[in-house]
Amino acid sequence: MTRKLAGLLALCMLMALLAACGGNGANKPTNGGNTPSTTAPAKDKEQPSGEKKVIKMLGWKQSTNNTVIESINKKFEEKYPEYKVEYVTTAPDDEYKQAYKTRVPAGEVDIFADLSAMRLSPSDWTPGAKVPDWQQFIDNGLIQDLSDQAFIKNYNEADIKDGGTYQDKVYAIPAGKVAMGGLFYNKDIFAKYDLKVPTTWSEFINVNEVLLQNNVTPIAMAGKDKWPVKLAAMNLQAQLLADGNQSEFIEGLWKGTSKFNDPDAIEVLEKMKTIQDKYTINGFMGIDYGTLTSYFTGEKVAMMVNGVWEAGAVQAAKPDMNFGYFPLPATDDPARIKLIGKYDMTWYVTNNGGNTEGAIKWLEFFSQPEIYQEFVQATGFLPVQPNIATTEFLDAEVQPYMNNFEVAYEIKMINRDNIGQHLEAEGIHTEYLAPGGEFKTAKELADVQQKEWEAAAPK
């Protein structure tokens, strides 16, 4: 089966799902129920004289992001009164992915943001690999080619190439970078017990032990939503897999030269088990992401595993809190410490939503340096345009580590189709480790992961 045929079949499945849900008004096509073309771009709808042209925008719920986008939409509508932006949000992560998988092929969206940059595209050494949604959309003519748009030049050339280019054409704009492999820490608590930011694994363990000796719970993580747990694990992966070359490890999985139960992969799981068992707040598997920050701002813990995007929420919850951020060290060699992250909120314009022209106009407006700066300041993203000021938090706590910034495992990993639950979503899934999960040792989980990988191999 060719890659393109596989993409068409996947889209047919999505449309079948949409048809099955036809009674649901929220998913009902706005074109009167006609099945949209998956290959030919639709023309922008003509509006009656005096009627505003609607731009249908899809995003996910995240208060800081939603607030600034609504502010930008208001300014856009003031400058271009002929347009009205309808900004619809869903729950984040899986629910959002399902929303764009159905609504984009159905022609219900003019502009939407993916959760990351273009990623997971199959290579010649990944036979049978899962084709990502964005690639299926582009291959089937659903996404607008932005290559000739003048506002592309507002962005760093390298970021557009890495985060928005496919087959030498620009199809997307990554709104910024985020770092997410570190821990927020309470500087006052650290000072009280004469603790310094750890730069090695041994120093990190010592910090935790000192906190425990003084009856301070070291770390909070949000295990209920699962994905926040892997943020710390991905920082360990970047430093430990294949001696710090996780791309080599991933390619080795496909070629059979590396395995999920190799010593370096098991070491990642063992160190996460140590963190989860000894130093993370009791019952963390029941903590949801929405309440995670309250454990940190309420000083129930000294540290919190989270992405830098949460700095604004910390400041909003407790403006006088004295806090910092450091990458989780994985070895006893300070030179190997890394901070992992990714591109975030990557904008695509659709061809079949009915208002491609308006969506491009919005993206042009968003790309103006003064508007983009407002967005970066509000979201805490690291900018992908030159000469954009960041926040004091990013300047002081994150920029010092950016020389050793690396794209996270979940972005580099290319999964096999029909992969098992212990490897799905390009994850490491340490939530399956005891006591929260069924596996008593890291080796047991690693062996199951390797079996699932081998079972998903093309026959």
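**Exercise 1. A charge over a ring**

Find the ring that Lys300 covers, and give the distance.

*Solution.* Lys300 lies over the face of Tyr295, at 5.2 Å from the ring centre. The model is predicted. Take an arginine next. Arg416 lies over the face of Trp254. Its distance from the ring centre is 5.0 Å.

**Exercise 2. Classify a ring pair**

Decide whether the pair of Trp227 and Tyr289 is stacked, tilted or edge-to-face.

*Solution.* Begin with the total: the structure holds 34 aromatic pairs. Tyr166 and Tyr171 form one of them, with 6.3 Å centre to centre and 55° between the planes. That pair is tilted. Both of its residues, Tyr166 and Tyr171, are buried.

Now turn to the pair in the task. The ring centres of Trp227 and Tyr289 are 4.8 Å apart. Centres within 6.5 Å make a pair. The planes of Trp227 and Tyr289 meet at 45°, so this pair is tilted. Planes under 30 degrees apart would count as stacked, and over 60 as edge-to-face.

Next, place the two residues along the chain. Trp227 sits in the loop between strand S8 (219–220) and helix H8 (229–240). Tyr289 belongs to helix H11 (residues 289–297). The two are 62 residues apart, and their pair links distant parts of the chain.

**Exercise 3. Buried or partly exposed?**

Assign Trp227 and Tyr289 to an accessibility class.

*Solution.* Trp227 has a relative accessible area of 25%. The cut-off for buried is under 20%, and exposed starts over 50%. Trp227 is therefore partly exposed. Tyr289 has a relative accessible area of 15%. Tyr289 is therefore buried.

**Exercise 4. The setting of strand S11**

Name the strands that pair with S11, and give the sense of each pairing.

*Solution.* Take strand S3 (residues 111–116) to begin. S3 pairs with S11 in the antiparallel sense over five bridges. Within this pairing, Phe112 stands opposite Tyr348.

Move to strand S6 (residues 173–179). S6 and S11 are also antiparallel, over six bridges. Here Lys177 has Tyr343 of S11 as its bridge partner.

Finish with strand S12 (residues 405–407). S12 and S11 run in the parallel sense, over three bridges. Gly341 is bridged to Val407 in S12.

Then check burial. Eleven of the eleven residues of S11 (residues 339–349) are buried, so the strand is largely enclosed by the rest of the structure.

**Exercise 5. An aromatic cluster**

List the residues that form one aromatic cluster with Trp347.

*Solution.* The other members are Tyr155, Trp362, Phe366, Tyr372, Phe375 and Phe381.

Key:
Residues are numbered from 1 along each chain as its sequence is written. This is a predicted model: local features need pLDDT of at least 70, side-chain atom pairs count only at pLDDT 80 or more; totals for chains, interfaces and linings use all residues. Side-chain values use heavy atoms; hydrogens and water are left out. Buried means under 20% relative accessible area, exposed over 50%, partly exposed in between (1.4 Å probe, protein chains only). Helices (H or I, at least four residues) and strands (E, at least two) are DSSP runs, numbered from the N terminus. Two strands pair if DSSP finds at least two bridges between them. Rings of Phe, Tyr and Trp (its six-membered ring) pair if their centres lie within 6.5 Å; planes under 30 degrees apart count as stacked, over 60 as edge-to-face and the rest as tilted. A charge sits over a ring if NZ of Lys or CZ of Arg is within 6 Å of the ring centre and within 35 degrees of the ring normal.
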